[in-house]
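Subject: Structure handover

Hello,

Here is the structure for your files. My notes on it follow below.

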Amino acid sequence: MKKLMRAPPGTPSLQWRIDPAFDDYVRNRTGDGTVMLSDGATRDNDGYYHFPKIGSSLDRGNVYFGGSVEFRAYLGVLSLRIADPSFHVTGDVVRMFIVDDNAPAGTRLELATAAIEPGRSGSVMLDLRLTEVGSELFFGKYPAGTPLASLSILLPAPAASMAVTEGAH
């Protein structure tokens, strides 16, 4: 059995199981299923995928990660790639975007959303749910609203909150 790598201790990364049932299905039930990791993504022995943090935009509530996890099976008929995930906070919603391989370069699609308290920052547990577009990536097998694996993320403080804090003595 291949030894799986963990992200080095202290490395800022997104640690996410994506969808354990789908992962198990591709790896163990399709006969020819593989999961390919690239661009810094790793998987640990507990089934968590690690995407390295590549930046954040404090004034806009955005967090960006790199790396790619590609699920393939049935001679490539099933092909789903989760690449360069990013999280964008607007009010009480966190939107998760990934690279859209079927569109012009730089195009991103909204994979999932999660509700949060407005203005929330710091460490937040997100209960992600597939969007309509995210459902299409799974060939409609998982309808919009289907939960994905939860994850914890460190969200930057909104600019308005930071301005108030900076002026206080």
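The accessible surface of the protein comes to about 9400 Å², and carbon and sulfur atoms hold 55% of that area. Please keep in mind that this is a predicted model. The chain has 169 residues, of which 38% count as buried. Its secondary structure consists of three helices and 13 strands. Taking contacts between residues at least 6 apart in sequence, 51% join residues at least 24 apart.

The sheet S2-S6-S7

Three strands form an open sheet in the order S2-S6-S7, and their pairing is antiparallel. The edges are strand S2 (34-38) and strand S7 (78-83); each has a single partner strand, so one side of each has no neighbour in the sheet. From one strand to the next, the twist averages 15°. As background, strands of a sheet pair through backbone hydrogen bonds, in either a parallel or an antiparallel sense.

Within this sheet, strand S6 (residues 68-73) is joined to S7 by six bridges, in the antiparallel sense. Arg 72 has Ser 79 of S7 opposite. Arg 72 also takes part in a salt bridge with Glu 70, where the closest N and O atoms are 3.1 Å apart. The two ends of that salt bridge fall into separate classes of accessibility: Glu 70 is at 17% relative accessibility and counts as buried, while Arg 72 is at 28% and counts as partly exposed. The cut-off for buried is under 20%.

The loop between S6 and S7 contains Tyr 74. Tyr 74 counts as partly exposed, at 35% relative accessibility. Together with Tyr 25 and Val 77, Tyr 74 makes a nonpolar surface patch of about 280 Å².

Salt bridges

How many salt bridges does the structure hold? There are six. In general, side chains of opposite charge can pair when their charged atoms come close. Besides the pair of Glu 70 and Arg 72 already mentioned, two more are described here.

One of them joins the side chains of Arg 27 and Asp 23, at 3.2 Å from N to O. Both residues belong to helix H1 (residues 20-28) and are four residues apart, about one turn of the helix. Asp 23 is buried at 6% relative accessibility, whereas Arg 27 is partly exposed at 31%. The pair is also part of a network of salt bridges that links Asp 23, Arg 27 and Arg 43.

The other is between Glu 110 and Arg 95, whose closest N and O atoms are 2.9 Å apart. This pair links distant parts of the chain: Glu 110 sits in strand S10 (residues 108-115) and Arg 95 in strand S9 (residues 93-99), 15 residues apart. Both ends are partly exposed, with Glu 110 at 22% relative accessibility and Arg 95 at 30%.

Strand S13 and its partner S11

Side chains in a regular strand alternate between the two faces of the sheet. In strand S13 (residues 151-155), one face is covered and is made up of Leu 151, Ile 153 and Leu 155, while the uncovered face carries Ser 152 and Leu 154. Strand S11 (residues 122-126) runs antiparallel to S13, and five bridges join the two. One of the facing pairs is Gly 122, which stands opposite Leu 155 in S13.

Phe 138

Is Phe 138 buried or exposed? Phe 138 is buried, at a relative accessible area of 5%. Its place in the chain is the loop between helix H2 (132-137) and S13. Leaving aside neighbours within four places in sequence, Phe 138 has contacts with Phe 22, Leu 80 and Leu 130. Phe 138 and Leu 78 are 60 residues apart in sequence, with their C-alpha atoms 8.6 Å apart in space.

If you want places to start in the viewer, I would open these views:

- The S6 and S7 pair, with Arg 72 opposite Ser 79.
- Helix H1, which holds both Arg 27 and Asp 23.
- The covered face of S13, with Leu 151, Ile 153 and Leu 155.
- Phe 138 and its contacts Phe 22, Leu 80 and Leu 130.

Regards

Conventions:
Residues numbered from 1 in each chain as written. Predicted model: local features only at pLDDT ≥ 70, side-chain atom pairs only at ≥ 80, totals over all residues. Heavy atoms only, no water. Buried < 20%, exposed > 50% of the residue type's maximum accessible area, 1.4 Å probe, protein only. Contact = heavy atoms within 4.5 Å. Areas by Shrake-Rupley, 256 points an atom, 1.4 Å probe, with all protein chains shown as cover. Pairing = 2+ DSSP bridges. Axes fitted to C-alpha atoms, helices over the stretch in contact; angles between N-to-C directions. Patch = residues over 30% accessible without salt bridge, like charges linked within 9 Å, V, L, I, M, F, W, Y side chains within 5 Å. Salt bridge = Lys/Arg side-chain N within 4 Å of Asp/Glu carboxyl O.
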